[in-house]
Protein chains: 2
Amino acid sequence: MPELRKDPIIGRWVIISTERGKRPTHYGQTERRIKPKACPFCPGNEAATPREIIAYRSDGSISNQPGWSLRVVSNKYPALIIEGELSREPKGIYDKMNGIGAHEVIIETPEHNLDLVDLPVNRIKDVLWVYRERYMDLQRDPRFKYILMFKNHGEAAGASIEHSHSQLIATPIIPKRVAEELIGSKKYYEYKERCIYCDIIRQEITDQERIILETDSFIAFQPYASRFPFETWLLPKAHVPNYIDTDIDMHEELATVLKGVLMRLKVGLADPPFNYILHTSPVGNEYRDYYHWHIEIIPKLTKVAGFEWGTGFYINPTKPEDAAKFLRELEIPDESVSV
Amino acid sequence: MPELRKDPIIGRWVIISTERGKRPTHYGQTERRIKPKACPFCPGNEAATPREIIAYRSDGSISNQPGWSLRVVSNKYPALIIEGELSREPKGIYDKMNGIGAHEVIIETPEHNLDLVDLPVNRIKDVLWVYRERYMDLQRDPRFKYILMFKNHGEAAGASIEHSHSQLIATPIIPKRVAEELIGSKKYYEYKERCIYCDIIRQEITDQERIILETDSFIAFQPYASRFPFETWLLPKAHVPNYIDTDIDMHEELATVLKGVLMRLKVGLADPPFNYILHTSPVGNEYRDYYHWHIEIIPKLTKVAGFEWGTGFYINPTKPEDAAKFLRELEIPDESVSV
C-alpha cells in the first residue's frame, strides 16, 4: 500500500510509492532499460494492460480487443490504489494517510507512431472529452478531493512509455500548487470581487505581446512571470471554474487551440519533451467565484531543475514576450494535419 | 538589466534573465556545446573570470594570480546585477522590480579534477567558512533580504562548468520555498512555543531509522516526507537560526558531516548529479525564535520533473527509511581521503 506523508513545515503531501518502488541499490547501477518486446498500448496487446474502464470503439468491436480509437485503463503500476478506506493517523509528530486514490492511463490513439498533436482535431476532442467523462465518474467518490489530468511527452519529461498517452490521478488531498492558486485567487476575489484569471486575460488582451493564439472562446499566452522558457497557459475566456463546466460544443474549439499550441512547440522547438497539466477546481462548489480552469504547458528545455526545486526560485533565460512572438509568428506548414 | 517579475496568483517572484539570455531560436537547434579551450576556474586563467572578491592564498601570492586554494569572483553571466537602485513598479495588473542583486562564484579548489567531496576536511571547512564571510559582507547592503548559497554538481543538476564550485545569490526578495518555511515554522512556534526543526530533530533521534550520520553537534537524515529518493537534510542539533551564528570552532565538525554525507552519495549512488542549498534565516533578527538553518541535499536520480513542477505534488519511489539505511550502512573505503 502506498503512503501519503505530510511535510510538517510547509504542509506538502508526498506520495511514497511502493507499487512502483525502487530499492536503494537500484540507483548506483547504470540504467538497463529493458525495451518491452511489444508496446502494451498497441492494438492486439490489450491483455498487457489492466482491463479497460472506458473505450471509444467502432460498432460491434469487443471490450479489451482491437477496434478502439481511444482507451482508458488503470495504471499497471499505480502511485495510489483504489481499494480501501481512507485513514489519517499520526506518526510521532508527523502525519500520514494510506495511499488511496485512482491512477488511470488514457491511451490517446491506437497508432504507435502518432503523437497527440498529430491527431485530427476531432480525435484530440475525444481525448479532452474523455478527461471530462472520467472526472464526472470519479467525482462521485467521496474519498477524492482532487482529480488531476496531465500528459508527459518524451522521456526527459517523465514518459516511460513512448506510445502517446495522458494520465489521471484522483487524490484525497489537493496538490500544493493548486492549493496555492486557490488561496491566491480567493484573496484577490475578496479584495476586488473579480476573478484574477479573468483580469489576467483582460490584461493579456490589452498587452497582446504574450499571446500565442486566440479564438472566440479560448486564449493561449505565455504568463508574465513565466518560470520556464515557452511556458504556456491555455484558458477559456469566459469565467469557468471547473473543466467539467466546459460543454461538448466548446470542445472542438478547445481541441483546435491545444493542437495549435502543441504544433507550434513541436515545429518551433524541434519536438521538445513537455508536460501539460489541467488545473481545474477541486471537487465541490465552494471555489466557483474565484477559480478558473486552465491548462499549463511546460516544455522541458533547460536543465536547472534542482536549484529551482530546492528554493522555488526560478531563473528564466528567455523573455516570455520574445518566446510568444516567436511562436505566434511561426509558419505552421499544415495546421490541420490529419491521419 | 535583468527583471524580477511576480506571479500575481501565488506571489512567486521569477528572474527574467538577460545577461544569460537565450533567444527563442536557440532552443530548436541541437545543442552545440562549445568546450572552452581552457577552464576559466583553473590557476593561470584568473583573467578569464571577473576580478576576485576574496581568495584564500599562500603568503606572498598576488591577487588574480595563481597561489590560491579558494577563490570568490562575481559571476561572469550574473542572474542579477549589483549596480543600481532598487525600484518596484506596476506593469498593468502585474508587479516588477529591476534585477538588483549579487551573483558570485566560489571556486572551491584549484585542482580541476577534484570535487568538493574529495577535498580534505580542513579545505571543505574553508569553503563553508567563506560562505559565512561573504554573507557577513553582503548582509550590510540594505537592498538585500536574502543570501542564498548553493552548489550544482554535474551537468544534469545545472552545473555548466565542470570545475568544482558553489554559487551565491543575494536577492531583494525571500525565495518562495524559504518564505513557506518561515510561515510554517512561525505558525508552529505560535502554537507550541517550540522550534519545529528542533522537534523534528528530537523525533528523528527517537525514530533512528532515517538518520545517516550524527555527531555531537550535527545530524543528517532523510526527511519523513522526502520528495526525492535520497533527499538529505543536514542540521545543527542546537537551535541556530542563521548560518552565520555557527562559529568557527563548529565548522570542522560541519565539514566532516558534509563530507561524510557527500561521500556516501558518491560511493553508494555512483557519483550522481546533485544540488545542495543552504537554507538560512533571511537577513534580520525577527526569525530567531522559530527558524533553524539547514542544508538540503537533493540528488538528481529520477526524471519526473515537469509534473512535479506543475503541481507541487511529488511521487517518491523509494522510502526514506530504506534509503537512509542503505547510506548509513555503506562501507566508505577511506573516510578521510586527502589530496
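Student: What makes both faces of strand β7(A) count as covered?

Tutor: In this predicted model, a residue is called buried if 20 or more other C-beta atoms lie within 10 Å of its own. On one side of β7(A), the residues A102(A), E104(A) and I106(A) are buried, and on the other side H103(A), V105(A) and I107(A) are buried as well. Taken as a whole, the strand, which spans residues 102-107 of chain A, has 6 of its 6 residues buried.

Student: How do you know that N152(A) is buried, and not exposed?

Tutor: N152(A) has 25 C-beta neighbours inside 10 Å, and the cut-off for a buried residue is 20 or more, so N152(A) is placed in the buried class. This residue belongs to strand β8 of chain A, which covers residues 146-153. N152(A) also lies 6.1 Å from F274(A), C-alpha to C-alpha, although 122 residues separate the two in sequence.

Student: What makes β7(A) and β9(A) a pair of strands?

Tutor: Two strands pair if at least two bridges are found between them, and β7(A) is joined to β9(A), residues 165-171, by 6 bridges in the antiparallel sense. In this pairing, H103(A) stands opposite I169(A). Strand β4(A), residues 68-74, also passes the test, with 4 bridges to β7(A), again antiparallel. Here S74(A) has E104(A) as its bridge partner.

Student: Why are β5 of chain A and β15 of chain B said to stand at the edges of their sheet?

Tutor: That sheet is open, has 5 strands with mixed pairing, and follows the order β5(A)-β6(A)-β1(A)-β2(A)-β15(B). The strands β5 (88-91) of chain A and β15 of chain B each have a single partner strand, so one side of each is left without a neighbour in the sheet. From one strand to the next, the twist averages 30°.

Student: How do you know that β2(A) pairs with β15 of chain B?

Tutor: Strand β2 (residues 13-16) of chain A and strand β15 (residues 314-316) of chain B share 3 bridges in the parallel sense, and at least two bridges are needed, so the two count as paired. Along this pairing, I15(A) stands opposite I315(B), while I16(A) has N316(B) as its bridge partner.

Student: What residues make up the contact between the two chains?

Tutor: A pair of residues is in contact if their C-beta atoms lie within 7 Å, and the contact takes 79 residues from chain A and 79 residues from chain B. On the side of chain A, the largest share, 7 residues, comes from helix α2(A), residues 176-192. The residues on that side divide into 38 nonpolar, 21 polar and 20 charged.

Student: Why are helices α1(A) and α4(A) described as roughly perpendicular?

Tutor: The axes of α1(A), residues 121-138, and α4(A), residues 248-268, come within 8 Å and cross at roughly 115°. Angles from 65 to 115 degrees count as roughly perpendicular, which means that α1(A) is given this description relative to α4(A). Their crossing is right-handed. On the side of α1(A), the contact is made by V121(A), I124(A), K125(A), L128(A) and W129(A), and among the partners on α4(A) are I248(A), H251(A) and L258(A). The residues of this contact divide into 8 nonpolar, 2 polar and 3 charged.

Student: What makes β3 and β10 the edge strands in the sheet of chain B?

Tutor: The sheet is open and antiparallel, and its 10 strands have the order β3-β4-β7-β9-β8-β13-β14-β12-β11-β10. The strands β3 (52-57) and β10 (211-214) of chain B each pair on one side only. Neighbouring strands of this sheet are turned by 15° against each other on average, direction ignored. Helix α1(B), residues 121-138, packs on the sheet, where β3, β4 and β7 of chain B are among the strands it touches, and its direction makes about 30° with that of β4(B).

Student: Which strands of chain B does helix α3(B) lie across?

Tutor: Helix α3(B), residues 196-207, lies across β10, β11, β12 and β14 of chain B. This helix runs at about 70° to β11(B), and the range from 65 to 115 degrees counts as roughly perpendicular, so that word fits this pair too.

Terms used. Residues numbered from 1 in each chain as written. Chains lettered and ligands numbered in written order. Predicted model: local features only at pLDDT ≥ 70, side-chain atom pairs only at ≥ 80, totals over all residues. Nonpolar A, V, L, I, M, F, W, Y, C, P; charged D, E, K, R; others polar. Buried ≥ 20, exposed ≤ 12 C-beta atoms within 10 Å, placed from the backbone. Axes fitted to C-alpha atoms, helices over the stretch in contact; angles between N-to-C directions. Parallel < 35°, antiparallel > 145°, perpendicular 65-115°, else oblique. Left-handed = near helix turned anticlockwise from the far one by under 90°.
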